[in-house]
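Me: Please take a close look at one part of this protein, the part where the predictor is least sure of itself, and then work outward to the parts that can be read in more detail. I would like one connected account.

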Amino acid sequence: MSAKFSAKKILPYVFYALCALLCGGAAEGSLCFGLFVGATYCINAPVAALIAALSSLPFGWRQAAHSAVRCGVYLVFFFLHKILGKRINKAYMLLYTSLSCVFYCVYGTEDYFALFDKLLYSCCGIAFSYVSLYLFRALFSRGIRYRPASEEVICIAIFAVVISYAASCLTLWEFNVGFFLFPFVLLFASALSAKGALVCAALLGLGNLLATGAYDGCVFCLFAALSAVTFFRLNKYVAGLSVVIADVLMSYFMGLHGQFSTLVFAPTVCSVAAFFLLPKRCTDYVRDCLCADKNLYLGKSVAKKAGAVTSAKLYRLADVFSDMKNAFFALSAPTPTNGDGAKAVTNACKANVCGECREKSRCGGFESVVTQIALNAVEKGRCTILDVPQNTSFRCARITALLAEINVQSRNWREYVDRVNRENEGKKLLGTQLKGVSALLDRLAVECRSEICCDEEKQKELFERLNFHNLLCRGAAVLNMGDAVVTVSSDCDKDAVCRVAEGVMGIKLTARVENTESPSWINVLLSPAPRYAVTFGVSSLPKRGSEVSGDTHTVINTDNGKCIVALCDGMGSGSRAEKYSETAMALVESLYRAGLDSDTVLSAVNTLLTEGGNEVFCATDILVIDLSTACADMIKLGSPQSFVKTSDGVKTVSGSSLPLGVLEEMTPHTCRMQLEEGGVALLASDGVTDSLAPCDIADLLAETMLTNPQSIAEAVLNKALRGGAARDDMTVVAVRLTDNAPSVVTKKAEKRRDKAQKQAV
């Protein structure tokens, strides 16, 4: 629809026309005239006058003539002010409306009683013009998004009473017109607010009481409002049916319509049917625009502003860490070379040994010889008389002191080089970590800036469902992204809360508990469960004669929907290997939990191991699984083959990188693969692959019917032990990707099948 004929422009005319038809015969047309005066401030004045005149025609030509004269006189003053460019204020409005009613009061008046009635009706019409002015300004000029002033609220309430009075005075085909209006209005108000529906029922009932002098219509409005509010929690159709039933019951027991027959319910049925045909987006729009929800929009604005401010701070902090990283890399000292060391040792020898020698003038070209000897000492660690040329040893009287000084200075040089390298590696480690922290802060800044939207309908439904299931709920917030926060009594079970929330939101959820300031209440944080889940099994055995195993493993789920499975094999066995493999694994686990990427994690762990000075190396297998897409990254550092079983067979993954801690610069071998539901990934230490050929492990995985990862890990280790006792630490980690919501029957069947297969093996 074009902007010229949009619904927003047509709606005031439709509303005015309907109200004019209802008020056309009330108070001899005076109320319709007051409605016309108020409408001229937001719709076209001549069109409003035409509608007012036409709405009076059904009530006789005399009333239509009075309506036309009143509207015509007011239009003269209206256009006069428009030509002069002046606004009609309230005082002028009172004057012009009074002058417009002069003809009505004088023409056809026979006695003082008739004049009094006309003056009373005219005063009512003039007062109603002010009420209509406030109403049209609140609804159509400013819009319902803005909070109405107190005088506007009062005028809206008076307007509802007047419209109810006018409708109750009319009959259409022997039906009271009010019953065509009341059910629709009450159902619409119930869709918006329960409190508003009851207030609306009271106002409509008051208007009907003034028009009929009977309490039946007032009681019907209250009864219908209570029924609609009560049953609207189910759906609008049940609420509408309850209003019809209320009409039937009151007609049967109280004679609401004067008689009890099928036709007397036609107005209520038609009104309810009209509400059913009303699009849901209409009630949703009005509900969102009502000023009662102003705190909702304010809260969203405040949250959005706070998120933007926090995001800006995180961006600035990320820039600070990035600059610190650049500073650490820039401040690293250049790595000293062997040539630099030979020159430094030669200068020290010239000052400490040759400077006091009386025969130094006879040693022509001797400096180059000393430099060569110093270079050999720096490269090899020490020098001997065999490194000195024969003619030099004959000519130099202090050759023994010279060799001793070269060895001392070369040892000092090596210590200096080690110190510089350690400082550089420390700066490099800090720079790498600062780079990772900077990237992490950038991601957090993006998340803080993203807009958060709430699902009001699900919040209300979740709140009601929890209380229905005797889970005392204080409040609920449901985000469109699927996350939710529920404040419940501290004695509530989070799993029960999670089950109710899953029924409302229609997705699988995970729950965790967070304490509040009050010990009586807790927050249950709900988030969408990933598409897949990981089950794992571990079977381990230390080397024969050793009490502890040098192999360590970890399986963790990160907050970003990934599962990290890692196996670390410390070179050697016993407590020393166990200590360093546990250290490496703890670092890997902590850094991954912090959200750092794989390159940063492996670089940090490798730097710490190489700079430890203990010559301890760790072969590492890391499997990173995205639980939403089942995509997996296999990262291998000096580890033996790993195995992945899918419906297409068993794939062997080999790596060529050296273990962690061997070289300062290392490049891990990575392999990306797509797992599938029911697929199995198997990580093993070299103690297993040395005892059992990789092809045998692959054949075992391909042939086995076991689905329990623990049973698979035990089966592989048992087969590796058939060759004899463990000659090295042995560890097998089996991982299986499963659906996040398997049925209980499936779980029991898998356990029975695994038990039978294990007994057969």
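Reply: Over residues 742-750 the pLDDT stays under 50, and the model has 3 contacts there beyond four places in sequence. This is a predicted model, and helix α27 (residues 744-760) has the lowest mean pLDDT among its elements, 46. Strand β15 (residues 680-684) has the highest, 91. Another stretch with pLDDT below 50 covers residues 291-299, with 12 contacts beyond near neighbours in sequence. For the protein overall, the average pLDDT is 77, and 75% of the residues score at least 70.

As for the fold, there are 27 helices and 16 strands. Of the 761 residues, 41% are buried. Among contacts with a separation of 6 or more, 69% join residues 24 or more positions apart.

The largest nonpolar core has 44 residues, of which Y16, L35, F36, Y74 and F159 touch the most other members. Two or more residues each come from α1 (7-23), α2, α3 (45-56), α4, α5, α7 and α8 (150-168). Helix α7 gives the largest share, 8 residues. Beyond four places in sequence, F36 touches Y16, A45, A48, A49, A52, C71, Y74 and L75.

A52 also has a part in the setting of S55, a residue of helix α3. A polar atom of the S55 side chain lies 2.8 Å from the backbone oxygen of A52. S55 counts as buried because its relative accessibility is 2%, under the 20% cut-off. Its contacts, neighbours within four places left aside, are A20, L21, G24 and C32.

Helix α5 (residues 90-100) has M93, Y96, T97 and S100 buried. Seen down the axis of α5, these buried residues fall within an arc of 100°, so they line one face of the helix. Their cover includes α2 (30-39), α4 (61-84), α6 (102-106) and α7 (112-141). At the start of α5, a side-chain oxygen of N89 comes within 3.2 Å of the backbone nitrogen of A91.

Further along the chain is helix α21 (residues 494-505). Its 12 residues should span 16 Å at 1.5 Å a residue, and the end C-alpha atoms are 16 Å apart, so the two values agree. The buried residues of α21 are A496, V497, C498, V500, A501, E502, V504 and M505. What covers them includes α20 (456-468) together with the strands β3 (473-478), β4 (484-489), β5 (509-515) and β6 (521-528). After α21 comes G506, with a positive phi near 75°.

The last site is D621, in strand β10 (residues 618-626). D621 is an acidic residue that counts as buried because its relative accessibility is 1%. The side chain of D621 makes a polar contact with the side chain of S642, at 3.2 Å. Leaving out residues up to four places away in sequence, D621 touches V565, A566, L567, M634, I635, K636, S639, P640, S642, L683 and A684. Of these, L683 and A684 fall in the residue range of β15, the strand with the highest mean pLDDT among the elements.

How values were computed. Residues are numbered from 1 along each chain as its sequence is written. This is a predicted model: local features need pLDDT of at least 70, side-chain atom pairs count only at pLDDT 80 or more; totals for chains, interfaces and linings use all residues. Side-chain values use heavy atoms; hydrogens and water are left out. Buried means under 20% relative accessible area, exposed over 50%, partly exposed in between (1.4 Å probe, protein chains only). Helices (H or I, at least four residues) and strands (E, at least two) are DSSP runs, numbered from the N terminus. The arc is that of the directions from the helix axis to the C-beta atoms. Contact means heavy atoms within 4.5 Å. A polar contact is a pair of N or O atoms within 3.5 Å; within protein, one must be able to donate a hydrogen and the other to accept it, and residues adjacent in sequence count only if both atoms are side-chain atoms. The expected span of a helix is 1.5 Å times one less than its number of residues. A nonpolar core is a set of buried Ala, Val, Leu, Ile, Met, Phe, Trp, Tyr and Cys residues joined through side-chain atoms within 4.5 Å. pLDDT is the predictor's confidence in each residue, from 0 to 100.
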